[in-house]
Amino acid sequence: MKRERRFLTILCCLFLLIRFLAFSSVAEVKVYRSVETEKKQIALTFDDGPHPRLTPKILEILARYNVPATFFMVGQNILNYPEAARAVINAGHEVGNHTFTHPHIASLNENAIFEEIGKCEETLAELCEYRPHLLRTPQGALTPNLENCLLEDDYILVLWSLDTRDWDNKSTATIVRAVLDGVSAGDIILMHDYIGYNSKTPEALEQIIPALLSQGYEFVTVSELLGIR
Ligand SMILES: [Zn+2]
């Protein structure tokens with residue numbers, strides 16, 4: 001009888017231990033703003049495109065310096081300008097998902113978020129035969145609903161460590177200063193290849209790339225920076 005009770009106690013303890021281990025290993029959402037690296041590597045990212053005029057202009061500058069970048073595209077814009085989207089992919093750059101309509105994520109439930117991510121993904125697959133594994137939300141939003149979506153999906157959320165504020169009608173000189181004064185190894189730099197007014201991004205890029213190359217920086221895609229490809 002005594003032996004039986006001891007056996008039951010051990011069984012109960014084992015059960016509690018297993019439950020504790022199961023609940024303490026909660027999955028975590030993968031979010032990156034920069035990486036710690038010994039190498040002098042940085043990643044340029046361009047959001048909101050593709051744009052029929054700005055995207056080819058930016059591609060031309062990147063090609064001239066043989067610099068790779070990552071483009072976080074909006075599904076609707078891929079639908080409207082598939083040639084520009086394909087030009088990005090054919091040039092060997094990386095493409096990430098930036099939702100279908102660029103909504104305010106904070107106002108969306110999980111189903112609506114899944115739909116936004118899924119529709120952008122489908123558009124990229126159908127028109128460009130490309131499957132992204134990186135996601136950037138509009139305004140870099142990270143809400144509990146989005147976290148739940150990311151736990152079910154296999155996307156990696158990529159935000160940024162250096163905002164050039166090129167979206168904020170800044171002068172070329174201000175954008176260039178923001179990067180040259182603020183940059184450090186492992187940075188993910190936020191720029192835009194779709195801006196609704198007179199964009200200074202290409203002009204700024206013309207100065208930023210040679211200046212950083214002369215400082216010994218190496219430009220890589222986000223996946224290369226994260227060491228996942
Ligand atoms: Zn955006």
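The following paragraphs describe the helices, strands and core contacts of a predicted model.

The protein chain comprises nine helices and nine strands, and of its 229 residues, 37% count as buried. Among the contacts in the protein chain with a separation of 6 or more, 80% are accounted for by residues 24 or more positions apart. The largest nonpolar core has 54 residues, and within this core A43 and I189 are the residues with the most contacts.

One of these two residues, I189, belongs to strand β8 (188–192), in which five of the five residues are buried, so that the strand is largely enclosed by the rest of the structure. Both faces of β8 are covered, since the buried residues I188, L190 and H192 lie on one side and the buried residues I189 and M191 lie on the other. When residues up to four places away in sequence are not counted, I189 touches I42, A43, L44 and T45, and additionally W160, L162, T164 and V179. The strand β2, formed by residues 41–47, pairs with β8 in the parallel sense over five bridges, and in β8 it is H192 that stands opposite D47. Strand β7 (162–163) likewise runs parallel to β8, to which it is joined by two bridges, and D163 stands opposite L190 of β8. The connection from β7 to β8 passes through α7, and the resulting β-α-β crossover is right-handed.

Helix α7, which spans residues 172–182, has I175, V176 and V179 as its buried residues. Seen down the axis of α7, these buried residues fall within an arc of 95 degrees, and they therefore line one face of the helix. The face of α7 turned away from this buried side carries A173 and D181, both of which are exposed. The packing partners of the buried residues of α7 are the strands β7 and β8, together with helix α8 (201–214). At the level of single residues, V179, a buried residue of α7, is among the residues touched by I189.

The loop between β7 and α7 contains W167, a residue that is partly exposed, with 18 other C-beta atoms within 10 Å; because the count required for a buried residue is 20 or more, W167 does not reach that class. Not counting residues up to four places away in sequence, W167 touches H192 and I195, and of these H192 is one of the buried residues of β8. The C-alpha atoms of W167 and M191 are separated by 7.7 Å, although the two residues are 24 residues apart along the chain. M191 is itself buried, on the side of β8 that also holds I189.

A one-sided arrangement of buried residues is also found in helix α6 (residues 144–152), where the buried residues are L146, C149 and L150. Viewed down the axis of α6, the buried residues fall within an arc of 100 degrees, so they line one face of the helix, whereas P144 and E152 are exposed on the other side of α6. The buried residues of α6 pack against helix α5 (110–128) and strand β6 (156–158), while those of α7 pack against β7, β8 and α8.

Conventions
Residues numbered from 1 in each chain as written. Predicted model: local features only at pLDDT ≥ 70, side-chain atom pairs only at ≥ 80, totals over all residues. Buried ≥ 20, exposed ≤ 12 C-beta atoms within 10 Å, placed from the backbone. Helix = DSSP H or I, 4+ residues; strand = E, 2+ residues; numbered from the N terminus. Arc of directions from axis to C-beta. Contact = placed C-beta atoms within 7 Å. Core = buried A, V, L, I, M, F, W, Y, C linked by C-beta atoms within 7 Å. Pairing = 2+ DSSP bridges. Right-handed = clockwise from strand over helix to strand, strands pointing away.
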